[in-house]
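Reader: I'd like to go through this one label by label. Can you set each label against its cut-off for me?

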Amino acid sequence: MVREQYTTATEGTHIERPENPYVYKIGIYGWRKRCLYLFVLLLLIILVVNLALTIWILKVMWFSPAGMGHLRVTKDGLRLEGESEFLFPLYAKEIHSRVDSSLLLQSTQNVTVNARNSEGEVTGRLKVGPKMVEVQSQQFQINSNDGKPLFTVDEKEVVVGTDKLRVTGPEGALFEHSVETPLVRADPFQDLRLESPTRRLSMDAPRGVHLQAHAGKIEVLSQMDILFHSSDGMLVLDAETVCLPKLAQGTWGPSGSSQSLYEICVCPDGKLYLSVAGVGTTCQEHSHICL
């Protein structure tokens, strides 16, 4: 309820109205007002600084609708120009360089490329270190430009698919086990040497072993026996001259005989010896050599 009080007065009279002690001033005054203005000004400064930093970062990092800096987003994936440094592992399906440049992978320690299956297990690994290149896989294969296998390695065998394997080391090639090849040949004007220092050397072939020297000689050296064995066939020595310089010789014929002809005799154990030729065979006369 509002009570209105009217006061009438005649002219010349002055009536003082009492002041209402319950009148409040609306607003912020004094130090509170100054603090509020200071806070608003500080927020405005921070907003301007953040906007400036955001614009500077966008400009420095080369942000654009197509990507960021040298990184471009294309329909085929990501395209990165120039040199880049990755501090953590990089997962990708395919990495290739531009057509007119090569792909360079560089690290201060080593470069490791892993292939994983759907369960996250490593199925293949290529590790390039400062002292060794290590490949961990079930099979390692090098192909030519047309897809022909040139070199294949697995747990069972090593296959060289090229037409020629050339070893240029001065010590040749060392094989701890057998070697299967259709041809072993030295470079022109170089000697071919097959050697087994402490064990035996065996050359086997289902359809024959052919030894040929076009401009030199064939020399076979052994500390013990040299065996030529043919299970179904014969041994043929086809040459203008067959020399056996250290073949044992029998005694000369009767004194006064000036002939220098000999016949080759064979002992039951296969040993050969020379006997002075006569009108008939003289092998029986000198058979004591077989004893």
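Author: Sure, starting with the cysteines: Cys265 and Cys283 are joined by a disulfide, S to S 1.8 Å. Before going on: this is a predicted model, where local features need pLDDT of at least 70, side-chain atom pairs count only at pLDDT 80 or more, and totals for chains, interfaces and linings use all residues. Residues are numbered from 1 along each chain as its sequence is written, and side-chain values use heavy atoms, with hydrogens and water left out.

Reader: What makes the pair Cys265 and Cys283 a disulfide?

Author: A disulfide is a pair of cysteine sulfur atoms within 2.5 Å. The S to S value for Cys265 and Cys283 is 1.8 Å, so the pair qualifies. The whole structure has 1 disulfide. The pair links distant parts of the chain, 18 residues apart: Cys265 sits in strand β12 (residues 262-266) and Cys283 in the segment after β13 (272-276). Strands here are DSSP runs (E, at least two residues), helices are runs of H or I with at least four, and both are numbered from the N terminus.

Reader: Why is the disulfide of Cys265 and Cys283 called left-handed?

Author: Because the torsion about its S-S bond is about -75 degrees.

Reader: Which residues make up the largest nonpolar core?

Author: Its 5 residues are Cys265, Cys267, Tyr273, Cys283 and Ile289. A nonpolar core is a set of buried Ala, Val, Leu, Ile, Met, Phe, Trp, Tyr and Cys residues joined through side-chain atoms within 4.5 Å. Both Cys265 and Cys283 are buried.

Reader: Thr152 is in strand β9 (residues 149-153). How do you know whether Thr152 is buried or exposed?

Author: Buried means under 20% relative accessible area, exposed over 50%, and partly exposed in between (1.4 Å probe, protein chains only). Thr152 has 11%, so it is buried. Leaving aside neighbours within four places in sequence, Thr152 is in contact (heavy atoms within 4.5 Å) with Gln139, Phe140, Gln141, Glu157, Val158 and Val159.

Reader: And why is Cys35 called partly exposed?

Author: Its relative accessible area is 45%, which falls in the in-between range, so partly exposed is the label.

Reader: What makes Glu195 and Arg193 a salt bridge?

Author: The term needs a side-chain nitrogen of Lys or Arg within 4 Å of a carboxyl oxygen of Asp or Glu. The closest N and O atoms of Glu195 and Arg193 are 3.2 Å apart, so they pass. A search of the whole structure finds 1 salt bridge. Arg193 counts as exposed because its relative accessibility is 65%.

Reader: On to the sheet: why are β1 (63-64) and β4 (77-80) said to stand at the edges?

Author: The open sheet has 4 strands in the order β1-β2-β3-β4, with antiparallel pairing. β1 and β4 each have a single partner strand, so one side of each is left without a neighbour in the sheet.

Reader: How do you know that β3 (residues 71-74) pairs with β4?

Author: Two strands pair if DSSP finds at least two bridges between them. β3 and β4 run antiparallel and are joined by 4 bridges, so they pair. Among the bridge partners, Leu71 goes with Leu80 in β4, and Arg72 with Arg79 in β4. β3 and β4 form a hairpin with 2 residues between them.
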